Every structure is written in structure tokens, then in C-alpha cells.
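Colleague: Could you take a close look at one part of this protein for me? I would like a walk through the aromatic side chains, and then whatever else helps me place them.

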Amino acid sequence: MTTSPISPDIDFDADGVQHGWLRLPHSSERSAWGAIMIPICQVKNGAGPTALLTGGNHGDEYEGPIALFELTRALAAADVQGRVIIVPAMNHPALVAARRTSPLDGGNLNRSFPGAPDGGPTAKIADFFQRALLPLADYVLDFHSGGKTLEFAPFAAAHRLDDARQEAACMAAMRAFGAPYSVALRELDAVGMYDTAAEAMGKIFVSTEIGGGGTARAAGVRVARRGVRNFLRHAGILAGPVDVVDSVTLDMPDADCYVTSLSAGLIAPAADLGATVKAGDVLAEVHDVRRTGAAPDVYRARRDGVLIGRHFPGLVAMGDPIAVLGVPV
Ligand code: CA
């Protein structure tokens, strides 16, 4: 297999705090022999587990990068037992462009795994995580939020897995994170996801969906800050007990948890995030903006649950998710 063109300028075996970059050569109109510089920090102290902490997998999701850039300033080597590798902006070109996907090649990093060392910049980043960083890790935490087009009630998530022991370990780490909601997440299509790559390697993997709308809110930033430290305490890398908070555990037993738009127009929400709804309750109406006097299309909950996700922009298109429900367990 071709060697990755990405070179890290930190030594993964060295104790102490290191700040550096993953350097990805990128020849462009602006810089002929330039490089994409992806910030990376490692804090290591002796033997112990390794946690790989990431944000900015999608570039328009902010609570994770905020909490992780903060953590790189806060952690001293003496604070940890083992190793913490922090990449606050995995898809750095997307983050600095405030975009979900890369402005360089259109790549959606979280649909690009396992990646390719001879692909575009996004495929090269995926390949480096797949072959160089994930193998170092025992625990993996990947921060997401809704980005510009979705908004979520803050939750940590783990997936149903074939390996019952691995699933239980992931669920325990998810609950330790301590978001207001803890969700056994059902993906619509898990192919190409970082999550899937980490889980296939047997890692203890937790992701989040904290807020959205292409911004961060104070409450969401607090969830991210507390969660990342709880995750490290749960892993035994940070000393001290997990800061236990009330978290509502939710399942997503089937595809009825998703309500998809079959219309285009102006979306009028009838329930807000965190609302408890019954099957048949109206979640939103969609108004046709091309004519007056037309009845709106009505979108209803298909099962009892809690509204944990919603379409964010004021206009919705056919095929967009209108609502995501979780079912209390
Ligand atoms: Ca995301």
C-alpha cells in the first residue's frame, strides 16, 4: 500500500505535551509547493490507554472544536496517565471555510473512509486516520453537531454492534460522557463513516450531536467541555470520578424515528427540540410558497418519542429530514 503523503511532526512515543501539525502537501494556484496544516496535539505520560479526540470532521459543527482547542491549552502531562491525541479540526480546510464538506475537493470526510493515500485531500485525511491514528487508540471520541442544516437536542451516541462486549463498552463510555441525552443511534447509511472504521477495529467509540444551525450555543459548549473530560475519566486517563449528570437514555428502534419531507417550501415547526410527542402528533407543516390558499402538508410523528433532531433552515426541500425522534428506554 502506498505510504500516506501526510507527515505528523509530533512523536507519538514521546512523553510530554506536543503541539504540531499533520502536514498534507497540496499544490494549488495560491501556493505551488504548499501544504494543508492540520493542528494536532498530544499529551502523554507513561503507560496507559490512548484516547483519540476529534472535532471538525464536518467543518460547520463547532462545540467539539471549541472544547478540544481549549483542552489542548489546559492539559498538562502530569494530568494524564496514558496518552491523549487531539485533532480539533479533522477536515481543517472545511472548518476554515465554515463548510460541511471540503472546499478543495467537495469531500465529505465522514463518508470517505477508509480513504486513499492517492486520492484527493479528503481521501488522504481519511486514510491517515484509518492507517496511522486509529490503530494507536483504545478510546475514540468524535464530536459532531447538526451543522448548517440540522439542529439537535444535545446527545452522545453509540451504535448497536455485532460484538455485544464492544457495544456495552461503547454504551458505557457514551453514558459517562454525560450529555443531556444518550442515544443508541441508528444510521441511515453507515458506509464510509469514521464511526464504522473505528468500530470495525474494535475501538470504544462515542460520537455526539450537540447543537447545530452552523453556530454554537453556550449550553452546548458546556456539554462538550464536561463530556470530553468525563470521557477521559471513564477511560482512566484523567484521574477522579466521572461528573455524573442526569441523562435521558433513548433508543432508535427503526426507521420510523426519521420523518422525511415529501414537499418543498416553508417549514412551520409544531414541536421544539426536547418535546415529548405521541404517534400522530403534528411535528411540522410545510407551506407551498408558490401559491396562496393551498393547505400545508402536515408531518406527524410515526411513533411516541422525544424530538431530538430537526431541519434547521426555514425552507425545506423534498428528501430533507424534518424530524428525528428517540424513544425513551
Ligand atoms: Ca456531522
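**Aromatic pairs and their surroundings**

Modeller: Happy to. Before the rings, a word on the metal site: in sequence, the residues that donate to the calcium ion follow the spacing H-x2-E-x82-H. Please keep in mind that this is a predicted model. The protein donors to the calcium ion are ND1 of His-58, two OE atoms of Glu-61 and ND1 of His-144, at 2.3 to 2.6 Å from the ion. His-58 and Glu-61 are both buried.

Now to the part you asked about. Searching the whole structure turns up six aromatic pairs. One of them joins Phe-113 and Tyr-194, whose ring centres are 5.2 Å apart with 40° between the planes, and this pair is tilted. Phe-113 sits in the loop between helix H2 (92-96) and helix H3 (121-133), while Tyr-194 belongs to helix H5 (residues 194-200), so the contact ties together parts that are 81 residues apart in sequence. Phe-113 and Tyr-194 are both buried. Phe-152 and Phe-155 make another pair, and here the planes stand at 90° with the centres 5.6 Å apart, so the arrangement is edge-to-face. Phe-152 has a relative accessible area of 10%, so it counts as buried. Phe-155 is buried too, because its relative accessibility is 1%.

There is also a wider grouping to look at: Phe-113 and Tyr-194 belong to one aromatic cluster together with Phe-129 and Phe-205.

Since you work at the bench, you may also like to know about the cysteines. A search of the whole structure finds zero disulfides. Cys-170 takes part in none, and the nearest cysteine sulfur, in Cys-257, is 20 Å away. Seen from Cys-257, the closest cysteine sulfur is that of Cys-170, and 20 Å is too far for a bond; the cut-off for a disulfide is 2.5 Å between the sulfur atoms. Cys-170 counts as buried because its relative accessibility is 1%. Cys-257 has a relative accessible area of 0%, so it is buried as well.

For contrast, turn to the outside. Leu-266, Val-289 and Leu-315 make up a nonpolar patch on the surface, and together they have about 290 Å² of accessible area. Leu-315 is part of strand S18 (residues 315-316). This leucine, Leu-315, counts as exposed because its relative accessibility is 56%, and the cut-off for exposed is over 50%.

Methods: Residues are numbered from 1 along each chain as its sequence is written. This is a predicted model: local features need pLDDT of at least 70, side-chain atom pairs count only at pLDDT 80 or more; totals for chains, interfaces and linings use all residues. Side-chain values use heavy atoms; hydrogens and water are left out. Patches are made of residues with over 30% relative accessible area and no salt bridge: like charges are joined within 9 Å, nonpolar side chains (Val, Leu, Ile, Met, Phe, Trp, Tyr) within 5 Å. Accessible areas come from the Shrake-Rupley method with a 1.4 Å probe; for residues, only the protein chains shown count as cover. A salt bridge is a side-chain nitrogen of Lys or Arg within 4 Å of a carboxyl oxygen of Asp or Glu. Helices (H or I, at least four residues) and strands (E, at least two) are DSSP runs, numbered from the N terminus. Buried means under 20% relative accessible area, exposed over 50%, partly exposed in between (1.4 Å probe, protein chains only). Donors are N, O and S atoms within 2.8 Å of the metal (3.2 Å for Na, K and Ca); water is not among the atoms, so sites may look incomplete. Rings of Phe, Tyr and Trp (its six-membered ring) pair if their centres lie within 6.5 Å; planes under 30 degrees apart count as stacked, over 60 as edge-to-face and the rest as tilted.
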